[in-house]
Amino acid sequence: MDERTISVAGMRKLGSTAGLFVLRSQVVFPLSLTPISVDRDENISIVQEAMKTDRLVAMFPVYNYTGEGVSVELPEIPVFKADGEVLSKVGVLARIVRELQLPDGSIKIVVRGIKRIEYEALKKGADGSLQVQYHSLEEDVKGNSEYENIARIKMILSMYHELAAMLQNVPEEVQAALENNSLPGRQADVLADALGFTMDEKVTILSMTDITERLDLLGILVTRELEVASLGLRIQNQVQEAMGDSQREFFLREQLRIVKRELGEESRGGDIAFLENKLLDTELPENVEETVRTELERLECLPTSTPEFHISFAYVNWLLDCPWCKFTEDRLDCDVAREVLEEDHYGLKDVKERILEFLAVLQLRNGEQSSKAPILCLVGPPGVGKTSIGQSIARAMNRNFIRVSLGGVRDEAEIRGHRRTYVGAMPGRIIQNLKRVGSSNPVFMLDEVDKLAQDFRGDPGSALLEVLDPAQNHSFNDNYIELGFDLSKVFFIATANSIENIPGPLRDRMEIINVPGYTSLEKREIAKRYLAPRQISECGLKAKQISFRVTGIDDMIKFYTMESGVRELERIIARVCRKIAKSIVSGNNDEKFVVDSALVAELLGKKRYLPDGLRKDRKPGYVLGMAWTGAGGAVLPVEILAIPGGKGNLKLTGSLGKVMQESAETAFSFVRSIAKKHNVEPEFFNTNDFHIHVPDGATPKDGPSAGVTLVTALVSLISGRVVRNALSMSGEITLHGHVTAVGGIREKVTAASQAGVGTIILPEENRKDADELPEEIKKKVVFHFVRDCESVLKLALEEGIK
């Protein structure tokens, strides 16, 4: 052992111990000041323990060098394993200068490297943390004079200064550290810490105690960095020379092209390869495929970090995802369709017949829709099965089913899509849902078309004109796709609650199929066949634990629901099932529950609805009319009072619309003209004010069909004769007392029948509508058809003064 080796060994401090701090993404060099984020539990505990004592930690970096894909081959260094990680045996003893606790529980520290140390052994601390036993290392020089190393560092510093001039982002602190340290080993550490070497390269430099070896490796790495920077500068100059003023925006594209040429490679990115593989597996129309290939060529010249690349990538991906040539095989068999419709829906005879007619035409045309074929629009109150009819059609035809709700849509771009120039642009709902369903011939249900809105962003109803017009939709133009998409194979079905709210041009392109509300008998059968079994299953009950009697179902329909559909009825049935399920899990699991009238009253409590048609406190001026709403039919009570000491003024309350107000004024004028026939002097109208009120004031009401009701109420008031019990009426009047036809007869009569009305007065012109009513209602209600108001009064008013 020579003298130099003895002196180095003599300076080692054997057996020193400190907490093991593992460096995973950075390297700390001796005498350097380094900020470190500490987020791992084991490192946090080491820092906390060190802050309580001498603030010293032993920092050892992770070393994962494999020798593959590197520009500079590195020498082997000694390593050891700790907690499954490979660490360099040479580390740094560091002192924690500052500690900062962050809100997320992590710690930010600043450490200053003190000296190189070498690992000896690991052991567990009192708190379970890893402690490393180490000895100090001193710098060494093997077979070279100090002057040779000075010459090496001067050469390296010269290259560094040239590199710094190119990079223009080197911190001033680095230059200051180089000037304040004249030792070659220390200057090598400063450069290794400052330059962008890889983690493994920095670890290798740290592990070299021989200054000559350290300087040799540092020289190689600085030379590489200088060559890379020079090449980048040369590429930039070449690009600038190749571009004119009009080509400045393509700077990044041209730069990437020259980089590829310098590297001698034309490799394509993973994103482009993904799209090309997708293109090979996708059948596209010729014009679409041409557009895709053009966009792919453009993508090759765009850097992946630019917004244009992501916009173009998303566009091509959408083009490839759209089902341009994908179709499901149709099953056009009217017998199968009839079985499916009968299986899924009870009643609705006219609706099923019209749908079967439509499918029969398709069957004869081998699935080709006529350019003049109308779009079906199912119009009816909520809960009558419009959406489920569309699902049944799709099942019968073996097609996919899509439902899009248009309620509240007020932006045209929701239908046609956004132009690609906008950030976050996407196709409209038509293309989006065709992509989702994966075929070009689904059954496409446009729900709630009567609730479309419009504002400054456009009119979505107008955008639907192209979608629903068979003469135009073979080349639907979405603003995002910008290529004609064939919608002629799509079976569009629209739904609405009120035909009046559908825009006229849109309504003109559709064939209206009215889906009426259900009668009590139909509701009973639907509850028995569909609703009760479904809710029994969803509530986890078994058929042996519960059964529904007809009396129980009828009471739920009559006293706990007031609707044209069956949604509320299903909720009531579900409520009964849940209460029974609760009783079963509470211990009554051996009892079978029979849902009859008594059990319904016990489980649901007081009756929510009572028949309005049977009132014992009838007074003059009270009449029960009928109304139609978007939710179905309803009975409409009308009350009138005469207020003495007035001047013949007429006051109207109850949220009445303009048409209904005019109808009330017409009725008032007509009654004044016939007052003498009912033994009322004209002076009566000059000395009294009249107040007409329609209860349920929070609900808006409008329309002319309450005309006969208002006339009857006024005559009842002034003559003192009450209206017959369980009687209702509907009809528009003229100023001369003629009664004209009104709409919504089925819904109105159904609601009146459910309210306990036994006699209904209708205009003679509506006789044909009454003839089409279900037999169940015809048996329960007596109809009278009239042409004028005098006939109405004879039928409605009881004889004698009350």
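Contact here means heavy atoms within 4.5 Å. The structure described is a predicted model. By that contact criterion, Ile 580 touches Leu 541, Ile 546, Phe 593, Val 595, Leu 599 and Leu 603, with residues up to four places away in sequence not counted.

Ile 580 belongs to the largest nonpolar core. This core has 56 residues. Phe 491, Phe 548, Met 556, Ile 580 and Val 595 have the most contacts inside it. Helix H21, residues 567-585, gives the most to this core, with 8 residues. A second core is separate and has 53 residues. Among its members are Ile 272, Leu 279, Val 409 and Leu 487. In soluble globular proteins, nonpolar side chains tend to be buried together.

The chain as a whole was then examined. It has 802 residues, and 47% of them count as buried. Its secondary structure comes to 29 helices and 26 strands. Contacts between residues at least 6 apart in sequence were also assessed. Of these, 74% join residues at least 24 apart. The accessible surface of the chain is about 40000 Å². Carbon and sulfur atoms account for 49% of that surface.

Two strands were considered in pairing. Strand E10 spans residues 401-405. Its covered face carries Ile 402 and Val 404. Its uncovered face carries Phe 401, Arg 403 and Ser 405. E10 is joined to strand E11, residues 443-447, by 5 bridges. The two strands run parallel. Arg 403, on the uncovered face of E10, has Met 445 of E11 as its bridge partner.

Strand E9 offers a further case. Ile 375 lies in this strand, which covers residues 375-379. The relative accessible area of Ile 375 is 4%; the residue is therefore buried, since the cut-off for burial is under 20%. Ile 375 touches Leu 468, Phe 492, Arg 509, Met 510 and Glu 511, again without counting residues up to four places away in sequence. Ile 375 and Leu 468 are 93 residues apart in sequence. Their C-alpha atoms are 6.7 Å apart in space.

Two helices are mainly covered. In helix H5, residues 184-194, 9 of the 11 residues are buried, so the helix is largely enclosed by the rest of the structure. The buried set includes the charged residues Arg 186 and Asp 189. Pro 184, Gly 185, Gln 187, Ala 188, Val 190, Leu 191 and Ala 192 are buried as well. Helix H6, residues 199-207, is mostly covered, with 8 of its 9 residues buried. Asp 200, Glu 201, Lys 202 and Val 203 are among the buried residues of H6. Thr 204, Ile 205, Leu 206 and Ser 207 are also in the buried set.

Helix H25 was inspected at one residue. Ser 719 is placed in this helix, which covers residues 707-719. With a relative accessibility of 9%, Ser 719 counts as buried. A polar atom of its side chain lies 2.6 Å from the backbone oxygen of Val 715.

The cysteines were searched for disulfides. A disulfide is a covalent bond between the sulfur atoms of two cysteines. The search of the whole structure finds 0 disulfides. Cys 539 is in no disulfide. The nearest cysteine sulfur to it is that of Cys 577, 4.9 Å away. A disulfide requires sulfur atoms within 2.5 Å, so this pair does not qualify. Cys 539 counts as partly exposed, at 22% relative accessibility. Cys 377 is buried, with a relative accessible area of 0%.

Two loop residues have notable backbone angles. Phi of Glu 482 is near 60 degrees, a positive value in a residue other than glycine. Glu 482 sits in the loop between strand E12 (476-477) and strand E13 (484-485). Its relative accessible area is 42%, and Glu 482 is partly exposed. Phi of Ser 655 is likewise near 60 degrees, and this too is a positive value in a residue other than glycine. Ser 655 sits in the loop between strand E20 (650-653) and helix H23 (658-673). At 37% relative accessibility, Ser 655 is partly exposed.

Note on methods. Residues numbered from 1 in each chain as written. Predicted model: local features only at pLDDT ≥ 70, side-chain atom pairs only at ≥ 80, totals over all residues. Heavy atoms only, no water. Buried < 20%, exposed > 50% of the residue type's maximum accessible area, 1.4 Å probe, protein only. Helix = DSSP H or I, 4+ residues; strand = E, 2+ residues; numbered from the N terminus. Areas by Shrake-Rupley, 256 points an atom, 1.4 Å probe, with all protein chains shown as cover. Polar contact = N/O pair within 3.5 Å; in protein donor to acceptor, adjacent residues only side chain to side chain. Core = buried A, V, L, I, M, F, W, Y, C linked by side-chain atoms within 4.5 Å. Pairing = 2+ DSSP bridges.
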